[in-house]
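User: I would like to go through this model one point at a time. Please reason briefly and finish each reply on the value or name I ask for.

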Amino acid sequence: MEQKTILCVDDEPGILSALKRLLRREPYRLLTASSGEEALQVFASEKIHLIVSDHRMPGMTGTELLSEIQKISPETVRVVLSGYADAAAIVEAINRGHIFRFLGKPWSDEELKANIRACLEQYDLIAHNRSLTHELAERNEQLRRLSEQQQSLIEERTRSLQMAQEVVQALPMPIIGVSVDGLIALVNSEANSLLNFPMGTSVQEAFPENLATAVSESVRLGSSRKVYVRTEVSGQSVQASVVPLMHGHDVRGSLVLMELCPCTV
């Protein structure tokens, strides 16, 4: 686990010495600064997990310092340690410095150490939440890209399907698609002109008996073999080809291709 670094800021050397003595056996790396300006210099070269600052200091106040720290290192947990715990100072520190805790002087050693532990736990919680937020953002971006890819694939497949339908419609011969349930699922223009039946009609209603039987047997037997049937449709003699539509070993339906012939049945 990463060792935490604490920066204590106070213009009184005795306070900094007391904090060093108090925390010397704690598993933290402790840095000190005697002014807000010096603290900002430390932040320029160090990663600080927790800053504990006096409020009333010459030059830059603790509130002004923590306000700057919030801008340059928002993940750093900010604490005011001051003997002037008046309401106005607390409100100003909260509003400007976005502090996590306001602790008073003099302090109880055990209470101060407990507060420091709580502050560092808060840092870990913030870091964990930030990591989760970043991970969530990455996953959302991955999902967005995947969604775009899927949408592109759907559009491409739709264009391909539309083209296939246009080709089928343009072919100069009657073509009928029959579902595995024996229902008419596709009819091109030539077939519609010849047969004139609606989609969803059963093959028994749409076709002559010998052709309907051939289509039904093709689906039932699951054979990939093409079957030829000579029959009469709407008073015209046709040579019908029943072509099973296979997916692996499964029959998904069949295509019926009709070729008009001058002969009689």
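User: How many helices and strands does the protein chain have?
Analyst: The model is a predicted one. Helices and strands are both present in the protein chain. The count is eight helices and ten strands.

User: What is the radius of gyration of the protein chain, and what does the globule rule give for 265 residues?
Analyst: Along the principal axes, the C-alpha atoms fill a box of roughly 120 × 30 × 30 Å. The chain is more spread out than a compact globule, because its radius of gyration is well over the value from the globule rule. The two values are 41 Å for the chain and 18 Å for the rule.

User: What percentage of the 265 residues count as buried?
Analyst: The accessible surface of the protein chain comes to about 15,500 Å², and carbon and sulfur atoms hold 52% of it. Buried here means under 20% relative accessible area. Of the 265 residues, the buried part is 38%.

User: Which helix supplies the largest share of the largest nonpolar core?
Analyst: This core has 22 residues, and I176, I184, F207, L211, V256 and M258 touch the most other members. At least two residues each come from β6, β7, α6, α7, α8, β8, β9 and β10. The largest share, four residues, comes from α8.

User: Which residues does L211 touch, leaving out those up to four places away in sequence?
Analyst: L211 is one of the core members that touch the most others. With neighbours up to four places away left out, the contacts of L211 are V229, T231, A240, V242, V256 and M258.

User: How many residues are in the other core, the one that includes I6 and Y28?
Analyst: This other core lies apart from the one that holds L211. Its members include I6, I15, L19 and Y28. The number of residues in it is 19.

User: Is S82 buried or exposed, and what is its relative accessible area?
Analyst: S82 is placed in strand β4, residues 77-82. Not counting residues up to four places away in sequence, S82 touches D54, H55, F102, L103, G104 and K105. S82 is buried, because its relative accessible area is 0%.

User: How far apart in space are G83 and L103, C-alpha to C-alpha?
Analyst: G83 lies in the loop between β4 and α4, and at 43% relative accessibility it is partly exposed. In sequence, G83 and L103 are 20 residues apart. In space, C-alpha to C-alpha, the distance is 8.5 Å.

User: Which residues are joined by a cis peptide bond?
Analyst: The omega angle of this bond is about -10°. P106 lies in the loop between β5 and α5. The cis peptide bond joins K105 and P106.

User: How many residues apart in sequence are the parts that D10 and K105 tie together?
Analyst: The side chains of D10 and K105 form a salt bridge at 2.6 Å, N to O. D10 sits in the loop between β1 and α1, and K105 in the loop between β5 and α5, so the pair ties together separate parts of the sequence. D10 and K105 are both buried. The separation is 95 residues.

User: How many residues apart in sequence are E46 and R29?
Analyst: E46 and R29 form a salt bridge, with the closest N and O atoms 3.0 Å apart. E46 counts as partly exposed at 28%, and R29 is partly exposed at 32%. E46 lies in the loop between α2 and β3 and R29 in strand β2, so the pair ties together parts whose separation in sequence is 17 residues.

User: Which residues are joined with R144 and E141 into one network of salt bridges?
Analyst: R144 and E141 meet in a salt bridge of 2.4 Å, N to O. Both lie in helix α5, three residues apart, about one turn of the helix. Through shared partners, salt bridges join this pair into one network with R145 and E148.

User: Which residues make the nonpolar surface patch of about 270 Å²?
Analyst: One of them, in helix α5, counts as exposed at 54% relative accessibility. The patch is made by M163, V167 and L171.

User: What is the phi of S234?
Analyst: S234 is in the loop between β8 and β9, and at 52% relative accessibility it counts as exposed. S234 is not a glycine, yet its phi is positive, about 50°.

Terms used. Residues numbered from 1 in each chain as written. Predicted model: local features only at pLDDT ≥ 70, side-chain atom pairs only at ≥ 80, totals over all residues. Heavy atoms only, no water. Buried < 20%, exposed > 50% of the residue type's maximum accessible area, 1.4 Å probe, protein only. Contact = heavy atoms within 4.5 Å. Core = buried A, V, L, I, M, F, W, Y, C linked by side-chain atoms within 4.5 Å. Patch = residues over 30% accessible without salt bridge, like charges linked within 9 Å, V, L, I, M, F, W, Y side chains within 5 Å. Areas by Shrake-Rupley, 256 points an atom, 1.4 Å probe, with all protein chains shown as cover. Salt bridge = Lys/Arg side-chain N within 4 Å of Asp/Glu carboxyl O. Rg over C-alpha atoms; globule rule 2.2 N^0.38 Å.
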